[in-house]
Amino acid sequence: MRGRVISVVMGGAFAAFVTIAALSGRSVAQSPFGDPNAEPAPFNPQMAALMSMLIQPRHAKLGLAGKAENWPLAGYALKELKQGFVVAARAVPRWKGLPVPDLFDAAVTQPITLLDFAIKLRYRRQFDEAYESLTKGCNACHATTDHAFVVIKVPDASAFPDQEFEPKR
Amino acid sequence: MSSQLTGRGFAATLFEDRMKILIWHCGRIAGVVLAMTCSLSIAVRAGGAGFGDDDDNSEEEGPSYFGFVRDTGGATVPDAKVTVGIKNRGGVVTRTDALGTYKVPGFGKDVDPKDVEVACDKLGYKQLRVVRRSSPSTDPKIPIETECTLQRI
């Protein structure tokens, strides 16, 4: 009798396992992260990911380079930041129904132009003012898009321990 | 078989009874879980038990209204007064934010967007023109965009 009960329980457990495996739609050996033999899927990061990948680190690097008066690096960071805005606006032209290119234009075009001048002139005070204006533009855009709680600031420390921001002497 | 159980026989019977109870309980729980899963999936498929926002009135509202207020040089104008009005029925007054944009939620579905007019104003300026942007999309989540231009007096 005991043997029968054990065999019933084991049979039930096996049936449950088979059912769960079948319902999950993948074989037991397959990785939970997908099929390694599948075609590469198009990568469509959404606005939050684009901001974290392309905008926020470049904004920080620009600020750190300007603070160190490393003008070649600041120029490079500004170019990268501008390119980040272009890529983000192309990838997500409308966000929550709002026109992203127009919002970016209103928020950052003018400060970016001023930053460009400041970097070319190697003029630290104008750089600081324009960078502050750029940061305010970021926050104004966050407020317009109901994300006022995402507050960007002038970096007070480097988040890049593997990068030198001081210019080569 | 004797009704007098030996120690080992009693233990076996007890084990058998407990296993029966366990299997009965498992069956009952499995039944309840299966029934809940089926009913939930049917309800979700039918749209009867969504998990969306309770505040989402998009089906009862028309499109929202959004736009920039700019000066003649193209710069955005913060803190401008914007009136979004329905012909002969009054309207809503708001102000542009730091980015020079305004947003007004949708009116009722009975309001034809063609009857909605946007006007802007700011001390030291006069309204020069109002341009409604046409959108190829019919997505109701995309607001009707109207740009208002102010000229310095």
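A salt bridge is a side-chain nitrogen of Lys or Arg within 4 Å of a carboxyl oxygen of Asp or Glu. With that term in hand, the tour of this predicted model may begin at the boundary between its chains A and B.

**First stop: a charged pair**

Select Asp102(A) and Arg133(B). Their side chains meet in a salt bridge, with 2.5 Å from N to O. That distance lies within the 4 Å limit, and therefore the pair qualifies. Between chain A and chain B, the count of salt bridges is three. Residue pairs in polar contact across the two chains, with both members at pLDDT 80 or more, come to five.

**Second stop: the side of chain A that touches chain B**

Colour the following elements of chain A: helix H1 (2-23), strand S2 (98-99), helix H4 (100-121) and helix H5 (124-144). Each of them supplies at least two residues of the side that touches chain B. What kinds of residues make up this side of chain A? They divide into eleven nonpolar, three polar and five charged.

Now display both partners together. In contact are 19 residues of chain A and 18 residues of chain B. The area buried between the two chains is about 1,500 Å², and carbon and sulfur atoms give 69% of that area.

**Third stop: the sheet of chain B**

Hide chain A for a moment and select strands S4, S1, S7 and S6 of chain B. These four strands form an open sheet, in the order S4-S1-S7-S6, with mixed pairing. At its edges are strand S4 (101-104) and strand S6 (125-132), each of which pairs on one side only. From one strand to the next, the twist averages 25°.

Next, select S1 (residues 65-71) and S7 (residues 144-152) of chain B. They run parallel and are joined by five bridges. Show Tyr65(B), which stands opposite Ile144(B) in S7(B). Then show Asp71(B), whose opposite residue in S7(B) is Leu150(B).

Move on to S6(B) and S7(B). Do these two strands run parallel or antiparallel? They run antiparallel, and seven bridges join them. To see one pairing between them, select Lys126(B), whose bridge partner in S7(B) is Gln151(B).

When viewing side chains in the sheet, a general point is useful: in a regular strand they alternate between the two faces of the sheet.

**Last stop: a helix across the strands**

Bring chain A back and select H4(A) together with S1, S4 and S7 of chain B. The helix lies across these three strands, running at about 35° to S1(B).

Conventions: Residues numbered from 1 in each chain as written. Chains lettered and ligands numbered in written order. Predicted model: local features only at pLDDT ≥ 70, side-chain atom pairs only at ≥ 80, totals over all residues. Heavy atoms only, no water. Contact = heavy atoms within 4.5 Å. Buried area = accessible area lost by both parts, 1.4 Å probe. Polar contact = N/O pair within 3.5 Å; in protein donor to acceptor, adjacent residues only side chain to side chain. Nonpolar A, V, L, I, M, F, W, Y, C, P; charged D, E, K, R; others polar. Pairing = 2+ DSSP bridges. Axes fitted to C-alpha atoms, helices over the stretch in contact; angles between N-to-C directions.
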